[in-house]
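Subject: Structure handover

Hello,

Here is the structure I promised to pass on. Please open it alongside this email; my notes follow below.

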Amino acid sequence: MNKIKNMKKIFITKQGGIGDVILATPILSELKKIYSDSYITFMILPNAVDVVKGLPFIDEIFVYDKGKDGFFKLWNKMRGYDIAIYLDLTYRPALIGSLARIPLRIGIEHKRGLWLTKRIKWQEYMDHTYEPYVMGDVVSEGLGITLAHNRLNQLYVAAANQNDITDLCNKMSGAGLLPGEKYVVSSPITAFYLKDWALDKWNMLYRRIYQNYGIKSVIFGNGDLSYQWDREAVIDLWGMLNLRQVGELIKNASLLVNSCSMPIHIAAAMKTSCVILYGYTDPKRWAPRQACQIVQSNLSCSPCDGYHGSTCTDPRCMKKIAVDDVYDACKKFLDA
């Protein structure tokens, strides 16, 4: 234990989606409190830099894209570290960490146990437990410490700078949302089609919220989206915002309504109430721990995403969610 306490350089990896990176932030925050004199390097993909850049408990962000960056770059970076903690399931960092002779290498086995010094087995409970708790348990077992679950509920994202805020305000005003006016925020398309709800249903929901509360819905996101939204009810900022501006937009919203994806984790970090539509993903594993209403169709086959992934190609669980059910969940926050 004393040996671990004296270690200084910690290399932590979390390659994956932006939401996955946000869910890892309380782990890093708690480690910095325990090892206050440590130097923590956080390895992520390029997509997530803006959500963590500037967080005070991260000493260095190392961006690694295996499609562009070679073996040598990562090996050269990992040399000299005392601890490697793999919060993802990727193979290459575990192999290279071994070749870089990092003394303590911790992670879920997942076909890479040979390259770990502390191998953690995936257990069934992990499929149905809040993701930061799962990562916390992996780190706790690997380091011989205790990361209490109740300390892992607060997520973190980097704040927008003043230029971002000014630009966002100009875009919102230009789209017809007055300064100080209440709004609901939503990203109607996720990165994975099994999580998506029909655009017609989203439009009906936005229209009903506007008719009954006079509150417009601001939509954001990236990718291909061609749809004629209700002009009175919807402020369309699709494709116009960077990640820091998305955080600012969600922070000041009255409510986030979304399928299970990155925006719900930003909402948790910003303490913004949210209504979340769940289908093949499990809210026990992915939903924020507070200020959250869950809507799901409760089919016998869902949730179906686990350690081995889902084989579903027809998201009936999302198709069965009714506009009335989502609207009723929104009312609980909008009436408060």
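In which loop does His110 lie? His110 sits in the loop between strand S5 (104-108) and strand S6 (118-120). Helices (H or I, at least four residues) and strands (E, at least two) are DSSP runs, numbered from the N terminus.

Some ground rules. This is a predicted model, where local features need pLDDT of at least 70, side-chain atom pairs count only at pLDDT 80 or more, and totals for chains, interfaces and linings use all residues. Residues are numbered from 1 along each chain as its sequence is written, and side-chain values use heavy atoms, with hydrogens and water left out.

Backbone

Most residues other than glycine have a negative phi, and most peptide bonds are trans. These are the exceptions I noted.

- His110 is not a glycine, yet its phi is positive, near 40 degrees. His110 is partly exposed, at 26% relative accessibility. (Buried means under 20% relative accessible area, exposed over 50%, partly exposed in between, with a 1.4 Å probe and protein chains only.)
- Lys111 is not a glycine either, and its phi is positive at about 65 degrees. Lys111 belongs to the loop between S5 and S6. Lys111 counts as exposed, at 78% relative accessibility.
- Lys271, just after helix H10, takes a positive phi of about 60 degrees.
- Ser302 and Pro303 are joined by a cis peptide bond, with omega about 0 degrees. Pro303 is in the loop between strand S12 (292-296) and helix H12 (316-319).

Helix H10

H10 covers residues 262-270. Nine of its nine residues are buried, so the helix is largely enclosed by the rest of the structure. The buried residues run through Met262, Pro263, Ile264, His265, Ile266, Ala267, Ala268, Ala269 and Met270. What do they pack against? Their partners are three helices and two strands by name: helix H2 (18-34), helix H9 (243-251), helix H11 (283-286), strand S10 (255-259) and strand S11 (274-278). Contact here means heavy atoms within 4.5 Å.

Thr41

Thr41 is in strand S2 (residues 39-44). Buried or exposed? Thr41 is buried, at 0% relative accessibility. Its side chain makes a polar contact with the side chain of Tyr81 at 2.5 Å. Another polar contact joins the side chains of Thr41 and Glu60, at 3.3 Å. (A polar contact is a pair of N or O atoms within 3.5 Å; within protein, one must be able to donate a hydrogen and the other to accept it, and residues adjacent in sequence count only if both atoms are side-chain atoms.) Leaving aside neighbours within four places in sequence, Thr41 is in contact with Ile10, Phe11, Ile12, Glu60, Phe62, Lys77 and Tyr81.

Cysteines

How many disulfides are there? A search of the whole structure finds zero. A disulfide is a pair of cysteine sulfur atoms within 2.5 Å. Why is Cys304 not bonded to Cys312? The sulfur of Cys312 is the closest cysteine sulfur to that of Cys304, but at 5.1 Å it is too far for a bond. Cys304 is partly exposed, with a relative accessible area of 28%. Cys169 is also partly exposed, at 41% relative accessibility.

Lys332

Lys332 lies in helix H13 (residues 323-334). Lys332 is exposed, with a relative accessible area of 55%. Lys332 and Ala148 are 184 residues apart in sequence, and 31 Å apart in space, C-alpha to C-alpha.

Best regards
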